Structure formats: structure tokens, C-alpha cells
Amino acid sequence: MHASLSRHATQIALALVACLAIVCALWALNAADSGHTRDAVNIEGTPATLYRPLSAARSQTPVVVIAHGFAGSQRLMQAFAVTLARNGYIAITFDFPGHGRNPAPLTGSITEISGATQRLVASTERIVAFAKSLGDGRIALLGHSMASDIIVRVAQAHAQTGAQTGAQSDAQIAATIAVSMFSPAVTAATPQNLLVLVGDWEGALKQEALRVVSLATAPAQAEPGVTYGDPATGTGRRAAFSRSVEHVGVLYSQDRLREALAWLD
């Protein structure tokens with residue numbers, strides 16, 4: 001009898017603990033979603049999600065276009081989008097062709113500039129064009145892995161357009177944040193205001209991050225965690241490593257989220 005009552009009491013206690021855990025999880029999810037709105041949009045056939053801050057005026061809000069890596073989707077980039085939206089930025093995530101919920105196929109080799117790279121650049125350009133209609137005209141790009149090379153090329157194309165037309169304030173990308181980056185397109189001067197974020201367990205990509213920052217500091221060798229140049233003039237460059245994370249974990253690293261936010265601020 002006593003054993004039966006004891007088991008019953010234990011079951012009730014476990015049920016209460018489970019309910020409490022569910023309540024806490026729901027509260028945490030709600031807290032994470034507070035401070036911004038989230039809307040699914042379709043941009044010329046591309047599935048995308050628009051994250052907006054609740055308090056910021058549209059006329060004073062920059063826009064950040066966020067691109068995912070190979071075999072990923074926009075859902076993997078949600079942590080960056082939520083962080084930025086809760087801190088006053090409009091953020092847009094989207095699915096590349098052949099990824100996520102995008103029904104369009106991705107054709108061509110991703111190792112060839114004339115193949116998939118051009119298609120991915122064109123896809124990103126459509127999102128950037130849409131972004132111009134949203135905030136105050138300032139636009140930044142953030143991309144992971146494969147997309148780091150894509151956003152570098154998009155930023156460079158806008159810088160070239162701005163130089164040709166003289167419409168610098170309208171055409172140029174204000175900042176580029178490359179996560180787990182590899183891009184042979186980076187030069188000593190472009191893209192402007194480049195931040196490279198890498199996980200500490202991404203050995204080769206850490207060396208690549210220091211290499212591209214060192215292009216602007218040569219002959220001196222760049223060091224991680226040091227900002228070079230002047231972001232106010234577009235010459236800012238920085239490489240930052242995140243402890244104890246790898247190629248995917250870097251997307252959820254709290255210090256990498258803070259680094260990205262601080263760079264844009």
C-alpha cells in the first residue's frame with residue numbers, strides 16, 4: 001500500500017516537473033521572439049523571412065541581408081536575424097535555389113565562377129534590391145560558408161557601380177560580415193568594412209581569415225580580435241575567433257552574435 005502511494009506520488013512529482021519544464025521552454029521561446037516581428041515573404045519566387053524591430057522607426061533602420069551556406073537554409077541563420085532585429089535592425093533571411101523551400105534548382109558547379117556562383121550572386125542581388133525598399137537606405141550583408149564568397153562578390157559589384165555612377169550612398173554596401181569565410185575575391189580594399197567570424201575549431205579558415213585581413217595591413221601580419229582601418233571611412237577590417245565551436249556551432253555562438261552586432265553598430 002505504502003509502496004503504491006509512494007510510486008503514485010513520484011509519478012505526480014515527475015509530471016509536475018515535466019509541466020514546469022514545458023512552461024519554462026515556452027517562456028524562453030517567447031522571450032527569444034520578443035522585441036521583433038517575423039513575416040514570411042516571397043521575393044520574386046524566393047522564400048524569405050523579414051525580421052523587424054518593434055520600436056525603431058523605418059526611416060532610421062538599416063537592413064541586413066543574411067545568406068546561408070551550402071546544404072543549409074535560412075532557418076540556420078535565424079539566431080543572427082533575431083539578434084539583429086531585437087537590436088534595431090531589419091533582417092532578411094532567404095533560401096538559395098536548391099536549398100530549403102526554394103523550388104528553383106541550383107545548376108552549375110559551385111567551384112566555377114561561371115556556374116552556380118553567378119546564379120547565387122543573382123539570387124542575392126534580388127534580395128538586396130528588395131531590401132532597398134525597406135529601411136533608411138543603409139544595407140549590410142552577412143553570409144555563412146559558401147555564402148561568404150557570394151556576399152563578398154555582391155558587395156564588390158555594388159562598390160564598382162557606386163564608383164561608376166557616383167551614387168555611393170545608394171549603391172555601396174556599408175558592411176560585410178563573412179562567417180566561416182573562404183573567398184578568393186577579397187582584395188586589400190574590397191569589400192569595405194569586412195568582419196570575418198570563424199569558429200576556433202576551423203583551423204584552415206582561421207588562417208584564411210587572417211590572410212584576408214592582412215591584405216589591408218601588409219606588410220604587418222593581422223592579429224585576431226584587432227580592428228584595423230577606420231569603419232567610418234569604409235576601411236575597417238577585423239577577424240574574430242569563437243572558442244570551442246566548429247563550422248555550424250559558430251552560427252549559434254553568443255560571442256559571434258555580439259561581434260556581428262557590435263560591428264554593425
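Valine 179 has its place in strand β6. This is a predicted model. At 0% relative accessibility, valine 179 counts as buried. Its bridge partner is histidine 144 of β5. The briefing starts with these strands, then turns to the helix α2, the largest pocket, the salt bridges and a surface patch.

**Strands β5 and β6**

- Strand β5 covers residues 139-144, and six of the six are buried, so β5 is largely enclosed by the rest of the structure.
- In a regular strand the side chains alternate between the two faces of the sheet.
- Both faces of β5 are covered. Ile139, Leu141 and Gly143 are buried on one side. Ala140, Leu142 and His144 are buried on the other.
- β5 runs parallel to β6 (residues 175-179), and five bridges join the two strands.
- Valine 179 also lies 7.5 Å from leucine 142, C-alpha to C-alpha. In sequence the two residues are 37 apart.

**Strand β3 and its partners**

- β3 pairs with β5 in the parallel sense, over five bridges.
- β3 also pairs with β4 in the parallel sense, over four bridges.
- Valine 65 has a bridge partner in each of these strands: leucine 141 in β5, and isoleucine 92 in β4.

**Strand β4**

- β4 (residues 90-94) is mostly covered, with five of its five residues buried.
- Ile90, Ile92 and Phe94 are buried on one side of β4, and Ala91 and Thr93 on the other.
- Strand β2 (residues 46-53) pairs with β4 in the antiparallel sense, over four bridges.
- Phenylalanine 94 in β4 stands opposite alanine 48.

**Helix α2**

- Six of the eight residues of α2 are buried, so the helix is largely enclosed by the rest of the structure.
- The buried residues in α2 are Phe80, Ala81, Val82, Thr83, Leu84 and Ala85.
- An α-helix has 3.6 residues a turn, so residues three or four places apart point the same way.

**The largest pocket**

- What is the volume of the largest pocket? It is about 490 Å³.
- The lining of the largest pocket is made by 23 residues. Arg138, Ile139, Ala174, Ala175 and Asn193 lie nearest the centre.
- Four elements give two or more residues to this lining: β3, β5, α5 (168-171) and α7 (254-264).
- Ile139, listed among the residues nearest the pocket centre, is also one of the buried residues of β5.

**Salt bridges**

- How many salt bridges does a search of the whole structure find? The search finds six. Three are described here.
- Side chains of opposite charge can pair when their charged atoms come close.
- Aspartate 136 pairs with arginine 138, and their closest N and O atoms are 2.5 Å apart.
- Aspartate 136 counts as partly exposed because its relative accessibility is 25%. Arginine 138 is partly exposed too, with a relative accessible area of 47%.
- Arginine 138 thus has two roles in this account: a salt-bridge partner of aspartate 136, and one of the residues nearest the centre of the largest pocket.
- Glutamate 259 pairs with arginine 238, and their closest N and O atoms are 3.1 Å apart.
- This pair links distant parts of the chain, 21 residues apart. Glutamate 259 is in helix α7, and arginine 238 is in strand β8 (residues 237-242).
- Is glutamate 259 buried or exposed? Glutamate 259 counts as buried because its relative accessibility is 16%. Arginine 238 is also buried, with a relative accessible area of 15%.
- Arginine 256 pairs with aspartate 255, and their closest N and O atoms are 3.1 Å apart.
- Arginine 256 counts as buried, because its relative accessibility is 4%. Aspartate 255 is partly exposed, with a relative accessible area of 22%.

**A nonpolar surface patch**

- Which residues make the nonpolar surface patch of about 240 Å²? Leu76, Val248 and Tyr252 make the patch.
- Leucine 76 lies in the loop between β3 (63-67) and α2 (78-85).
- Leucine 76 counts as partly exposed because its relative accessibility is 31%.

Note on methods:
Residues are numbered from 1 along each chain as its sequence is written. This is a predicted model: local features need pLDDT of at least 70, side-chain atom pairs count only at pLDDT 80 or more; totals for chains, interfaces and linings use all residues. Side-chain values use heavy atoms; hydrogens and water are left out. Patches are made of residues with over 30% relative accessible area and no salt bridge: like charges are joined within 9 Å, nonpolar side chains (Val, Leu, Ile, Met, Phe, Trp, Tyr) within 5 Å. Accessible areas come from the Shrake-Rupley method with a 1.4 Å probe; for residues, only the protein chains shown count as cover. A salt bridge is a side-chain nitrogen of Lys or Arg within 4 Å of a carboxyl oxygen of Asp or Glu. Buried means under 20% relative accessible area, exposed over 50%, partly exposed in between (1.4 Å probe, protein chains only). Two strands pair if DSSP finds at least two bridges between them. On a 1 Å grid over the protein atoms alone, a cavity is a set of points where a 1.4 Å probe fits but cannot get out, and a pocket is an open set with protein on both sides within 12 Å along at least five of seven lines; lining residues have an atom within 4 Å of a point. Grid points are joined across faces, edges and corners, and a volume is the space filled by probe spheres set on the points.
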